[in-house]
Amino acid sequence: MLAGVLGSAGVAPAAVAQTQPADNGDGTFTNSDGTVTVPVDWALIPSGLGSGDRFRLLFITSTTRNAVSSDIAVYDTHVQNAAASGHAGIQGHASTYRVIGSTATVDARDYARLRPTDVVAPVYWLGGSRVSRNYGTTAGVGFWPSSAGWEHWHRDDRRDEQGRDRHSSTMTTQVWTGTQRNGTKARTATENLWLGATDVAYGDIRIGDRGPINYVQFGGPIARENNLARSLYGISPVYEVESAQVEPVVGAPRLYSGGGWVACSLSYGRGFGIPDRYCGALQPGQPGGYAAAYIENADGVRD
């Protein structure tokens with residue numbers, strides 16, 4: 001039976017390495033579909049959510065920059081640098097955060113994967129209240145409301161990369177987006193207002209109906225000169241809270257399957273040319289099938 005699982009050469013097939021979630025080193029795992037699995041006791045799980053639930057996190061950078069560049073990667077770097085020095089829970093996978101912004105060649109809703117066709121999950125302020133329930137256009141419900149704003153979006157709602165309340169006179173309420181309220185690049189009949197344009201559209205986080213993505217007043221968007229210093233929005237990938245843990249038999253290793261820890265039914269050792277950290281679990285209804293991932297020994301040490 002062992003040979004059937006390992007293959008005729010006595011080694012694990014290449015698929016073993018490919019199916020493992022990437023360990024981010026901070027208690028989270030990035031899966032092949034881009035979602036990130038977090039443990040049930042992760043510090044940033046929004047109140048009321050639990051095992052199996054999905055969500056995304058939003059923050060405003062505590063640092064500011066201009067909007068001169070037309071390269072979306074420049075703004076991504078600013079957001080990711082903020083995340084890398086932010087809350088300990090996101091530092092290990094800071095590179096998965098993206099800016100919410102539009103350039104001449106990029107629409108924010110596409111770039112940040114905030115379309116109804118993407119993996120939909122409610123969005124929350126990092127360490128705070130819910131921003132939106134989905135990626136739709138209904139005010140107070142969707143991320144791209146055609147009027148008014150998000151569910152919670154006033155100055156005392158906003159959070160930075162540390163999860164701190166940024167309701168402070170030392171932090172501007174304006175956020176560069178270059179984006180219209182529907183998530184596409186901002187423009188009028190006579191002027192382009194995306195990131196990198198001479199004047200750039202921005203969101204405004206304050207009491208009122210001005211709009212967190214696109215500040216609209218007197219029937220039209222308001223823009224600022226691109227050399228001014230403003231914050232940016234950073235948004236996480238989709239997080240999923242791991243399934244309830246199934247404790248293994250004492251003395252037996254267990255594996256992380258992407259949905260939680262489960263007991264191994266078969267361990268692979270160096271004698272078969274496989275690193276000790278791999279183990280397998282036979283899949284019901286699939287003779288010879290297996291899953292493989294990191295071993296966590298009975299002493300709780302993940303190899």
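How much space lies in the largest pocket? I put that at the top of my notebook page, and the value I found is about 230 Å³. A reminder to myself before going on: this is a predicted model.

**Entry 1: the pocket walls**

I looked up which residues line the largest pocket. My list reads D33, G34, T35, R56, S95, T96, R98, R113, D118, V119, P237 and V238. Sorting this lining by class, I got five charged, four polar and three nonpolar residues.

**Entry 2: a lining residue with an odd backbone angle**

I picked R113 from the lining of the largest pocket and asked where it sits. R113 belongs to the loop that runs between α5 (108–111) and β6. Is R113 buried, partly exposed or exposed? I noted a relative accessible area of 41%, so R113 counts as partly exposed, falling between the 20% and 50% cut-offs. I also wrote down its phi, which is positive at about 55 degrees even though R113 is not a glycine.

**Entry 3: strand β4 and its partners**

Next I followed R56, another residue of the pocket lining, to its strand. In β6, V123 is the bridge partner of R56. Strand β4 covers residues 54–60, and six of its seven residues are buried, so the rest of the structure largely encloses it.

Which strands pair with β4? I found these:

- β6 (residues 123–125) runs parallel to β4, and three bridges join them.
- β13 (residues 231–235) is antiparallel to β4, also over three bridges. Here F59 has G234 as its bridge partner.
- β14 (residues 239–241) is antiparallel to β4 as well, with two bridges. Here R54 stands opposite E240.

**Entry 4: strand β9**

I then turned to β9, which spans residues 199–204. Five of its six residues are buried, so β9 too is largely enclosed by the rest of the structure. How many bridges join β9 to β12? I noted three, with β12 (residues 223–225) running antiparallel to β9. In this pairing A201 stands opposite A223. Strand β8 (residues 174–176) pairs with β9 in the antiparallel sense, over three bridges. There I wrote down W176 with its bridge partner Y202 in β9.

**Entry 5: one buried residue, I90**

I wanted a helix residue too, and chose I90, which has its place in α4 (residues 88–91). Its relative accessible area is 0%, which is under the 20% cut-off, so I90 is buried. What does I90 touch, leaving out residues up to four places away in sequence? I listed D26, W42, L44, F59, A83, Y97, L126, E161 and Y239. F59 caught my eye in that list, since I had already met it as the bridge partner of G234 in β13. I also checked I90 against Q80: they are ten residues apart along the chain, and their C-alpha atoms are separated by 10.0 Å.

**Entry 6: the whole chain**

Last, I stepped back for some totals. The chain has 303 residues, and 46% of them count as buried. Its secondary structure comes to 19 strands and five helices. I looked at contacts with a separation of 6 or more, and 60% of them are between residues 24 or more positions apart. For the accessible surface of the chain I wrote about 13300 Å², with 49% of it belonging to carbon and sulfur atoms.

Methods. Residues numbered from 1 in each chain as written. Predicted model: local features only at pLDDT ≥ 70, side-chain atom pairs only at ≥ 80, totals over all residues. Heavy atoms only, no water. 1 Å grid on protein atoms, 1.4 Å probe; cavity = no way out; pocket = protein on both sides within 12 Å on 5 of 7 lines; lining within 4 Å. Points joined across faces, edges and corners; volume = space filled by probe spheres on them. Nonpolar A, V, L, I, M, F, W, Y, C, P; charged D, E, K, R; others polar. Buried < 20%, exposed > 50% of the residue type's maximum accessible area, 1.4 Å probe, protein only. Helix = DSSP H or I, 4+ residues; strand = E, 2+ residues; numbered from the N terminus. Pairing = 2+ DSSP bridges. Contact = heavy atoms within 4.5 Å. Areas by Shrake-Rupley, 256 points an atom, 1.4 Å probe, with all protein chains shown as cover.
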